[in-house]
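Please open the model in your viewer and display the whole chain. The tour below proceeds from the surface to the interior, one selection at a time.

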Amino acid sequence: MSNQNVVVRLKKPHTHAGVKYEAGAEITVSPMDAEWLTAVAVGELVNPEKEPDGKSNKDAKK
């Protein structure tokens, strides 16, 4: 898993690291947090070209 942080756009209000954010806010989080936020439908990746693990969606097998 990549150690590079990922930008996520929140779909719902969310508190991250003790800070409250409104829906629509873009926050930078770890790949692990980004994976969780998208899995529970709280956020979406701002750059969907890459998955939270750093792999390109273009390389995904269909």
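Begin with the surface of the whole chain, which exposes about 4500 Å², with carbon and sulfur atoms supplying 51% of that area; accessible areas come from the Shrake-Rupley method with a 1.4 Å probe, and for residues only the protein chains shown count as cover. This is a predicted model, in which local features need pLDDT of at least 70 and side-chain atom pairs count only at pLDDT 80 or more, while totals for chains, interfaces and linings use all residues. Residues are numbered from 1 along each chain as its sequence is written, and side-chain values use heavy atoms, with hydrogens and water left out.

Next, switch to a cartoon view. The chain contains one helix and five strands, arranged from the N terminus as β-β-β-β-α-β. Helices (H or I, at least four residues) and strands (E, at least two) are DSSP runs, numbered from the N terminus.

Select strand S1, residues 6-10. Its covered face holds Val-6, Val-8 and Leu-10, whereas Val-7 and Arg-9 lie on the uncovered one. Now add strand S4 (residues 26-29), which pairs with S1 in the antiparallel sense over four bridges; two strands pair if DSSP finds at least two bridges between them. Within this pair, Val-6 stands opposite Val-29 of S4. Add strand S5 (residues 43-45) as well: three bridges join S5 to S1, and the two run antiparallel. Here Glu-44 of S5 is the bridge partner of Arg-9.

Turn to helix H1, residues 31-39. Which of its residues are buried? They are Pro-31, Ala-34 and Leu-37, where buried means under 20% relative accessible area, exposed over 50%, and partly exposed in between (1.4 Å probe, protein chains only). Seen down the axis of H1, these buried residues fall within an arc of 120°, so they line one face of the helix; the arc is that of the directions from the helix axis to the C-beta atoms. The face turned away from the buried side carries the exposed residues Met-32 and Ala-39. The buried residues of H1 pack against S1, strand S2 (14-16), S4 and S5.

Finally, select Val-6, Val-8, Leu-10, Ile-27, Val-29, Ala-34, Leu-37, Val-42 and Leu-45, the nine residues of the largest nonpolar core. Such a core is a set of buried Ala, Val, Leu, Ile, Met, Phe, Trp, Tyr and Cys residues joined through side-chain atoms within 4.5 Å. S1, S4 and H1 each give two or more residues to this core, and S1 provides the largest share, three residues.

Methods
Contact = heavy atoms within 4.5 Å.
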